[in-house]
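Subject: Handing over a structure, with notes on what was found

Dear colleague,

I am passing on to you the structure that we talked about, and I would be glad if you could keep it open while you read. My notes follow directly below it.

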Amino acid sequence: MTETALTVHQTARPHGFPTPGHFTFVESPMPESLPGTAVVENLFWSVDPYHREMMDAGFALNAPLEGRTIGRVVKSRHPALNEGEIVLHRQGWRTHSVVTPEEARAVPRFDGVPLSAHLSILGGTGLTAYVGLTRIAEFREGQDLFVSAAAGGVGTATGRLARLMGAGRLVGSTGKPEKAAYLTEHVGYDQVFDYHSGPAAELLAKAAPDGIDLYMDNVGGEHLEAAISSLRQYGRIVRIGTIAQYNSTNTPHALRNLPDIVEKSLRMEGFLVRNYRDVQDELYEFVVPHLQSGRITPDENVIDGFGGIVNGFLGMLRGENQGKVIVRATGADV
């Protein structure tokens, strides 16, 4: 274990797109465990779009940021946290964390499944997709769906899971042609359009000329308006995120077809994945056999070294990632 610890602090509130200047790395002595806690040496960090929203008010300035993290217990003063154990917690964006048993849970190990999967398809990202499909949308085999930001962590997980569940036509949107090709060739999407190539409503209508049953919304704005127009009677909209607005300084896109929600008896519902932790074991049961058989693989954009976490986050906001962004400690041996 190193002699010093590093944490990332937010130093200012961004107006529009954040820059490296909104963050700083702070060096400090190695933390000590107090009675009832344990010190965790972190090995993998999750980089998520919601961090951008939290930067506006949720994160305290000049204090360590939070986030989903996997690490190894290196010093413990509680019997429920054993030294050498691999745990998942939310005291992330730092090389070492002090956690209580209530703040950490042991990570199950599955033969042939990489540990990083617990931050992607088996973690909060995959759980978001699974809950959205099974609990919020009540997705059924053969239904057609549209997923925005389809090349992101939740978008790729949604595509993988929906295909396993027997989706009919699976349509996605993304911002680059090479991402569209990846999604159709590897993830299981039937058609993916580049939203830069025209109005979203026209592109979606062309990709799904017979309409859709379900929209998994990671973007909001113009994509949401397009989906409302393409949804069939009694269609569902699952609101996951509004990434189109996170960095925008303009007035949010005004939806012009809201009356369609009434006319077509559509249902729109959002959710917070933290309220569905009881579904975690069900996700394992459904996904792990397919990971072990090779039928699906985690879609991960892995960045080596804790020093790359800020650039990895900013790159994700710019759409440079393909799949879930995960930062891995240099030389992580798990």
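In which hand, left or right, does α5 pass α6 in their crossing? The crossing of α5 with α6 is right-handed, and before going further I should say that this is a predicted model, so that you read everything below with that in mind.

**Helix pairs**

To stay with the pair just mentioned, helix α5 covers residues 200-207 and helix α6 covers residues 221-230, and the two pack with their axes 8 Å apart at an angle of about 40°. Angles that are neither under 35 degrees, nor over 145, nor from 65 to 115 count as oblique, and α5 and α6 are therefore oblique to each other. On the side of α5 the contact is made by A200, A201, L204 and A205, while α6 contributes E222, H223, A226, A227 and S230. Sorted by class, the residues of this contact are 6 nonpolar, 2 polar and 1 charged.

A second pair is formed by helix α3 (residues 153-164) and helix α4 (residues 177-187), whose axes come within 11 Å and cross at roughly 30°. With that angle, α3 and α4 are therefore roughly parallel to each other, and α3 passes α4 in a right-handed crossing. The residues that meet are T156, G159 and R160 from α3 and Y182, L183, H186 and V187 from α4. This contact of α3 with α4 has 3 nonpolar, 3 polar and 1 charged residues.

The third pair brings together α2 and helix α9 (residues 280-293), with axes that come within 10 Å and cross at roughly 95°, which makes α2 roughly perpendicular to α9. Here G126, L127, Y130 and R135 of α2 are in contact with Q280, E282, L283 and F286 of α9, and by class the contact has 4 nonpolar, 2 polar and 2 charged residues.

**The sheet**

Turning to the strands, you will find an open sheet formed by 6 strands in the order β10-β9-β8-β11-β12-β13, with parallel pairing. The edges are taken by β10 (191-194) and β13 (267-270), each of which has a single partner strand, so one side of each is left without a neighbour in the sheet. On average, and with direction ignored, neighbouring strands of this sheet are turned by 15° against each other.

Within the sheet, strand β8 (residues 145-147) pairs with strand β11 (residues 212-217) in the parallel sense over 3 bridges, and the bridge partner of F146 in β11 is Y215. Helix α2 (residues 124-136) packs on the sheet and touches β8, β11, β12 (231-239) and β13, and its direction makes about 140° with that of β11. Helix α4 also packs on the sheet, touching β9 (170-174) and β10, and the direction of α4 makes about 170° with that of β10.

**One residue in α4**

Y182, which is found in helix α4, is worth finding in the viewer. Leaving out residues up to four places away in sequence, Y182 touches R160, V187, D299 and Q322. The C-alpha atoms of Y182 and I326 are separated by 19 Å, and these residues lie 144 residues apart along the chain.

**Salt bridges**

Side chains of opposite charge can pair when their charged atoms come close. A search of the whole structure finds 15 salt bridges, and one of them joins the side chains of R90 and E66, at 3.4 Å from N to O. This pair links distant parts of the chain, since R90 sits in the loop between β5 (86-89) and β6 (96-99) and E66 in the loop between α1 (50-55) and β4 (69-76), 24 residues apart.

With best wishes

Definitions and conventions: Residues are numbered from 1 along each chain as its sequence is written. This is a predicted model: local features need pLDDT of at least 70, side-chain atom pairs count only at pLDDT 80 or more; totals for chains, interfaces and linings use all residues. Side-chain values use heavy atoms; hydrogens and water are left out. Axes are lines fitted to C-alpha atoms, for helices over the stretch in contact, and angles run from 0 to 180 degrees between N-to-C directions. Helices (H or I, at least four residues) and strands (E, at least two) are DSSP runs, numbered from the N terminus. A crossing is left-handed if the near helix is turned anticlockwise from the far one by less than a right angle, and right-handed if clockwise. Contact means heavy atoms within 4.5 Å. Ala, Val, Leu, Ile, Met, Phe, Trp, Tyr, Cys and Pro count as nonpolar, Asp, Glu, Lys and Arg as charged, and the others, Gly among them, as polar. Two strands pair if DSSP finds at least two bridges between them. A salt bridge is a side-chain nitrogen of Lys or Arg within 4 Å of a carboxyl oxygen of Asp or Glu.
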